[in-house]
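Me: I have a structure to go through with you. I want to know why each term applies.

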Number of protein chains: 2
Amino acid sequence: MTKKPADPANGGAPAAGPAARQVPMRDFSRSLPMSLLRAREAVMRQFRPSLREHGLTEQQWRILRALASIEAVEVTELARTAFLLGPSLSRILRDLEARNLIERKTAKADQRRSMVSISKDGVKLMASVAPTSEAIYAEITRRFGARKLAELQEMLGELERSLAGLGASEEASPEE
Amino acid sequence: MTKKPADPANGGAPAAGPAARQVPMRDFSRSLPMSLLRAREAVMRQFRPSLREHGLTEQQWRILRALASIEAVEVTELARTAFLLGPSLSRILRDLEARNLIERKTAKADQRRSMVSISKDGVKLMASVAPTSEAIYAEITRRFGARKLAELQEMLGELERSLAGLGASEEASPEE
DNA sequence: CGCATTCACTTAACATGTTAAGTATCTCCG
DNA sequence: CGGAGATACTTAACATGTTAAGTGAATGCG
């Protein structure tokens, strides 16, 4: 329960170490990336045990959920939806296919593309996980407050939008 | 190269698959974990290029920043501060030590503990990265709005606190 | 003192994140 | 029609996330 940041609560020496402290930066523990990371971890910690019991990782679950609402998708589109990078998705799909949770077949029109869909086993697995998952989500909503949750989501969306196209100033296509 | 799952521009879901949709769940793309993940990714995408130029990963940078404000810390305490799991930290410290960016020495009172501190080279490296990093943070703040940013951070903190002690067994994550 | 327990890490093993290459297709233009 | 370039993935390589087991050093207790 006790959370102690970078506070040298030990001896009490004011500290004046070997080469420390010379670069003045915001308090590290309050940076936006850290806040987002901690918040997300706090949330995911609620779900991981349940998923684990069903033999699913967070990412595998994301993929199944993304597939559940559509008939079939191309890998690239699925990567966007499940917010996974191509290589990760490629590996995970290989495993999920081996477990018969998804199905894959190359598109007729374009042999490069492969269409991915959830299998019956996949649907069954989802059905067994969804109740617990929803219950956890409901508890989180109850604790934090439905309204605040909506507000938070809205702000997160705004943050995303306000940063869109800021760091992509190189690498690939100038336009996009 | 620009391979990023960043665009939630999925074109909706016609939906009506073979074995799909039977388990009614919230729209996957709007789940809290996904919102947090996307927001954090949007933010980190701004920083990664700069860090990379200096040969640092996001986690290595977190560690250096955590070390910059104190004389020395135990590994466990550092793990809490930098929000890293023990094993990850162990590996990263090994590498940072090999690069002479940090120093380590076992505590006299307790041979099990090792005290970690940033080295002169580490401080120098930080000094060369900090300006860019601060500039990026300033731009993010400008785009999103300082007030909204503070609000967001506050909400994230509340979310964290409201979920504290919900997961079955705590004591297993980098936070507490 | 003797020894089981606890503690503070470290190693190991497996899955994903991330970037760079590689491979097979497909498109388009000369 | 043919080859350069773009596409849609897949592989590879390295770093981290995550859980479990291992190691050496302190503690507690009989």
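Me: Start with Arg52(A). What makes its approach to DNA strand D a polar contact?
Reply: A sugar or linking oxygen of DNA strand D is 3.5 Å from an N or O atom in the side chain of Arg52(A). A polar contact is a pair of N or O atoms within 3.5 Å; within protein, one must be able to donate a hydrogen and the other to accept it, and residues adjacent in sequence count only if both atoms are side-chain atoms.

Me: What should I know about the model and its numbering?
Reply: This is a predicted model, in which local features need pLDDT of at least 70, side-chain atom pairs count only at pLDDT 80 or more, and totals for chains, interfaces and linings use all residues. Residues are numbered from 1 along each chain as its sequence is written, chains are lettered from A and ligands numbered from 1 in the order in which they are written, and side-chain values use heavy atoms, with hydrogens and water left out.

Me: Which atoms of Thr76(A) and Gln111(B) approach phosphate oxygens of DNA strand D?
Reply: For Thr76(A), an N or O atom in the side chain is 3.1 Å from a phosphate oxygen. For Gln111(B), a backbone N or O atom lies 2.8 Å from a phosphate oxygen.

Me: Which elements give two or more residues to the surface near DNA strand D?
Reply: From chain A, H1, helix H3 (75-82) and H4; from chain B, helix H2 (58-68) and H4. H4(B) gives the largest share, 4 residues. Helices (H or I, at least four residues) and strands (E, at least two) are DSSP runs, numbered from the N terminus.

Me: How many residues surround DNA strand D, and what makes a residue near?
Reply: There are 25, and the closest are Ser90(A), Arg113(A), Pro87(B), Ser88(B) and Arg91(B). A residue is near a molecule or strand if one of its heavy atoms lies within 4 Å of it. Of the strand D atoms that come within 4 Å of the protein, sugar and phosphate account for 64%.

Me: How do the residues near DNA strand D divide by class?
Reply: Into 6 nonpolar, 8 polar and 11 charged. Ala, Val, Leu, Ile, Met, Phe, Trp, Tyr, Cys and Pro count as nonpolar, Asp, Glu, Lys and Arg as charged, and the others, Gly among them, as polar.

Me: What surrounds DNA strand C?
Reply: 26 residues, of which Pro87(A), Ser88(A), Arg91(A), Gln111(A) and Ser90(B) come nearest. Sugar and phosphate make up 67% of the strand C atoms that come within 4 Å of the protein. By class, this surface has 7 nonpolar, 8 polar and 11 charged residues. H4(A) gives the most, with 4 residues.

Me: Which atoms of Gln111(A) and Ser90(B) approach phosphate oxygens of DNA strand C?
Reply: A polar backbone atom of Gln111(A), at 2.7 Å. For Ser90(B), a polar side-chain atom, at 2.8 Å.

Me: Why are H1(A) and H2(A) called roughly perpendicular?
Reply: Helix H1 (residues 32-53) and helix H2 (residues 58-68) of chain A pack at about 85°, with their axes 10 Å apart. Axes are lines fitted to C-alpha atoms, for helices over the stretch in contact, and angles run from 0 to 180 degrees between N-to-C directions. Angles under 35 degrees count as roughly parallel, over 145 as roughly antiparallel, 65 to 115 as roughly perpendicular and the rest as oblique. H1(A) and H2(A) are therefore roughly perpendicular.

Me: Which residues of H1(A) and H2(A) meet?
Reply: Arg40(A), Met44(A), Arg48(A) and Leu51(A) meet Glu58(A), Trp61(A) and Arg62(A). Contact means heavy atoms within 4.5 Å. The contact divides into 3 nonpolar, no polar and 4 charged residues.

Me: What makes H2(B) roughly perpendicular to H5(B)?
Reply: H2(B) and helix H5 (residues 120-144) of chain B pack at an angle of about 105°, their axes 12 Å apart. That value makes the pair roughly perpendicular. Their contact has 7 nonpolar residues, 1 polar and 1 charged.

Me: Why are S1 and S2 of chain A at the edges of the sheet?
Reply: The open sheet of 3 strands has the order S1-S3-S2 in chain A, with antiparallel pairing. Strand S1 (73-74) and strand S2 (102-106) each have a single partner strand, so one side of each is left without a neighbour in the sheet.

Me: How do you know that S2(A) and S3(A) pair?
Reply: Two strands pair if DSSP finds at least two bridges between them. 5 bridges join S2(A) to strand S3 (residues 114-118) of chain A, and the two run antiparallel. Glu103(A) stands opposite Ser117(A) in S3(A).
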